[in-house]
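Hi,

Here is the structure I promised to pass on to you. Please open it alongside this message, and then read on for what turned up.

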Amino acid sequence: MALLDILEFPDPRLRKVAKPVTEVTDSTRQLIDDMFETMYAAPGIGLAATQVNVHERILVIDVSENGDDPQVFINPEIEVLDPNLGEYDEGCLSVPGFYETVQRPQRIRVTSMGRDGETTTRELDGLLAICLQHEIDHLDGKLFIDYISPLKRQRIRKKLEKAQRQRA
Ligand code: QAP
Ligand code: CO
């Protein structure tokens, strides 16, 4: 197991579009284990491979209270079941310290593979549905702050660039 480095906005690598996984192998499962370790250590509720600079369509999520419900989504495809939008104050490990209200469809159906390569389809709502959509955006090079005003996004960019300079 290993802790992975998380890319931070405005790193251009967060804008890459991830490629589908063609075969789930032991090295895929190694990456998944490292992503869970990295997410739980943060701590966070979701992490996309893009955020650890691996541009493959792999997500790990755990929205449970106790952090005991790890869920893996490989090549996730979603279908909106209820176009009614719900609001949630989202954050992101790649945009540390900033939270903004985002609107997303409340009910979705997702088809994806699990860690053994098995394909399943599930209907999701609540925080899991929100988190999954946030994480799929990462695989498409999108961030939750793309939904807010350019002025607010620019302010966040300046603050994070300054923090990153001071760390370097
Ligand atoms: C994505 O985000 C998410 O700013 C997962 O300083 C979040 O785990 C989807 C985190 C909310 C839907 C709703 C953020 C940790 C964790 C921070 C996370 C921070 C430390 C974010
Ligand atoms: Co995120």
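Below I go through the sheet, the metal site, the pockets and a few backbone details.

Please keep in mind that this is a predicted model.

**The sheet and the helix on it**

The fold has an open sheet of five strands, arranged in the order β1-β2-β3-β4-β5 with antiparallel pairing. At its edges are β1 (46-48) and β5 (119-124), each of which pairs on one side only. From one strand to the next, the twist averages 35°.

At one end of that order, β1 and β2 (residues 58-61) run antiparallel and are joined by three bridges. If you want a spot to centre your view, L47 stands opposite V60 in β2. Helix α1 (residues 26-41) packs on the sheet, where it touches β1, β2 and β3. The direction of α1 makes about 40° with that of β2.

At the other end, six bridges pair β4 with β5, again in the antiparallel sense. One bridge to look at is that of S112, whose partner in β5 is T120. The hairpin of these two strands has five residues between them, and G117 there takes a positive phi near 85°.

**The cobalt site**

Which residues coordinate the cobalt ion (ligand 2)? They are C92 through SG, and H134 and H138, each through NE2, at 2.1 to 2.2 Å. Along the sequence these donors follow the spacing C-x41-H-x3-H. The pair C92 and H138 links distant parts of the chain: C92 sits in the loop between β3 and β4, H138 belongs to helix α2, and 46 residues separate them.

**The pockets**

The largest pocket has a volume of about 400 Å³. It is lined by 22 residues, and those nearest its centre are I45, E90, G91, C92 and Y99. C92, then, is both a cobalt donor and one of the residues nearest the centre of this pocket. Two elements, β3 (71-90) and α2 (126-139), give two or more residues to the lining. Helix α2 provides the largest share, six residues. Sorted by class, this lining holds twelve nonpolar, seven polar and three charged residues.

The second largest pocket has a volume of about 190 Å³. Of its 13 lining residues, I78, Q133, I136, D137 and D140 come closest to the centre. Here β3, β4 (100-113) and α2 each give two or more residues. The class make-up is five nonpolar, two polar and six charged residues. Strand β3 and helix α2 thus appear in the list for the largest pocket and in the list for the second largest.

**Backbone details to check before you set anything up**

Most peptide bonds are trans, and most residues other than glycine have a negative phi. A few places in this model depart from that pattern:

- The peptide bond from F9 to P10 is cis, with omega near 5°; P10 lies in the segment before α1.
- A42 and P43 are also joined by a cis peptide bond, with omega about -5°; P43 is in the loop between α1 and β1.
- N53 is not a glycine, yet it has a positive phi of about 65°; its place is in the loop between β1 and β2.

That is the tour. I hope you enjoy looking around, and do write back with any questions.

Best wishes

How values were computed:
Residues numbered from 1 in each chain as written. Chains lettered and ligands numbered in written order. Predicted model: local features only at pLDDT ≥ 70, side-chain atom pairs only at ≥ 80, totals over all residues. Heavy atoms only, no water. 1 Å grid on protein atoms, 1.4 Å probe; cavity = no way out; pocket = protein on both sides within 12 Å on 5 of 7 lines; lining within 4 Å. Points joined across faces, edges and corners; volume = space filled by probe spheres on them. Helix = DSSP H or I, 4+ residues; strand = E, 2+ residues; numbered from the N terminus. Nonpolar A, V, L, I, M, F, W, Y, C, P; charged D, E, K, R; others polar. Pairing = 2+ DSSP bridges. Axes fitted to C-alpha atoms, helices over the stretch in contact; angles between N-to-C directions. Contact = heavy atoms within 4.5 Å. Donors = N, O, S within 2.8 Å, 3.2 Å for Na, K, Ca; no water.
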